[in-house]
Amino acid sequence: MGLNSDMVNSYEGFIVKPHKDIKEIDFDEVEILLIRGGDIGALEGNHQLTSLIKRLDINGKYIGAICSGVELVKQAGVLEGKEFTENRINNDETYTVSQNIITAKANGYVDFAIELGKMLNIYSDEDDYNETIRFFKYFENN
């Protein structure tokens, strides 16, 4: 999803074409909204995005935000009274889950992704979950 259907260029040079414009989103089809980090300047103050974040939160849908993307969730007002992790907070936690919302520091991307999988119930069992942790977090091949 994008704010419009224009191509987006990442810092790394990747060009991404959003599948849908934010105006085309069918709220009932949304299982999770992931908000990326990096430069959020074009997203700040966008009323459609703020409205979507609020509506998802009210309905208990999952919201994930990492790095500076946490600021957008904070600006939507849905983090009030909840614990969260952001780049500016100096603590040992790389991510925090509070009800339906997961937030993470920029360097918490592995923990963030593994926990998102847990929230979405993608692991077939405890062994699958542990194998994912061993492989992606600790780089164990066996």
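**Strand β3, the nonpolar cores and serine 68**

In this predicted model, strand β3 presents a covered face, formed by Leu33 and Ile35, and an uncovered face, formed by Ile32 and Leu34. In a regular strand, side chains alternate between the two faces of the sheet. β3 runs parallel to β4, to which 4 bridges join it, and within this pairing isoleucine 35 has alanine 65 of β4 as its bridge partner. Between the two strands the chain passes through α1, and the resulting β-α-β crossover is right-handed.

Both residues of the covered face of β3, Leu33 and Ile35, are among the residues with the most contacts inside the largest nonpolar core, which comprises 20 residues; Leu49, Ile53, Leu56 and Val73 also belong to that group. Two or more residues of this core are given by each of β3 (32-35), α1 (47-58), β4 and α2, with α1 giving the most, at 4 residues. Leucine 56, when its neighbours within four places in sequence are left aside, is in contact with Phe27, Val30, Leu33, Lys61, Ile63 and Asn100. A second, separate core of 6 residues includes Ile102, Phe112, Leu116 and Met119.

Serine 68 lies in the loop that links β4 (62-66) with α2 (69-75). Its relative accessibility is 19%, and serine 68 therefore counts as buried, the cut-off being under 20%. The side chain of serine 68 reaches the backbone oxygen of glycine 38 at 2.3 Å. Apart from neighbours within four places in sequence, the residues in contact with serine 68 are Gly37, Gly38, Ile40 and Asn87.

Methods:
Residues numbered from 1 in each chain as written. Predicted model: local features only at pLDDT ≥ 70, side-chain atom pairs only at ≥ 80, totals over all residues. Heavy atoms only, no water. Buried < 20%, exposed > 50% of the residue type's maximum accessible area, 1.4 Å probe, protein only. Polar contact = N/O pair within 3.5 Å; in protein donor to acceptor, adjacent residues only side chain to side chain. Contact = heavy atoms within 4.5 Å. Core = buried A, V, L, I, M, F, W, Y, C linked by side-chain atoms within 4.5 Å. Pairing = 2+ DSSP bridges. Right-handed = clockwise from strand over helix to strand, strands pointing away.
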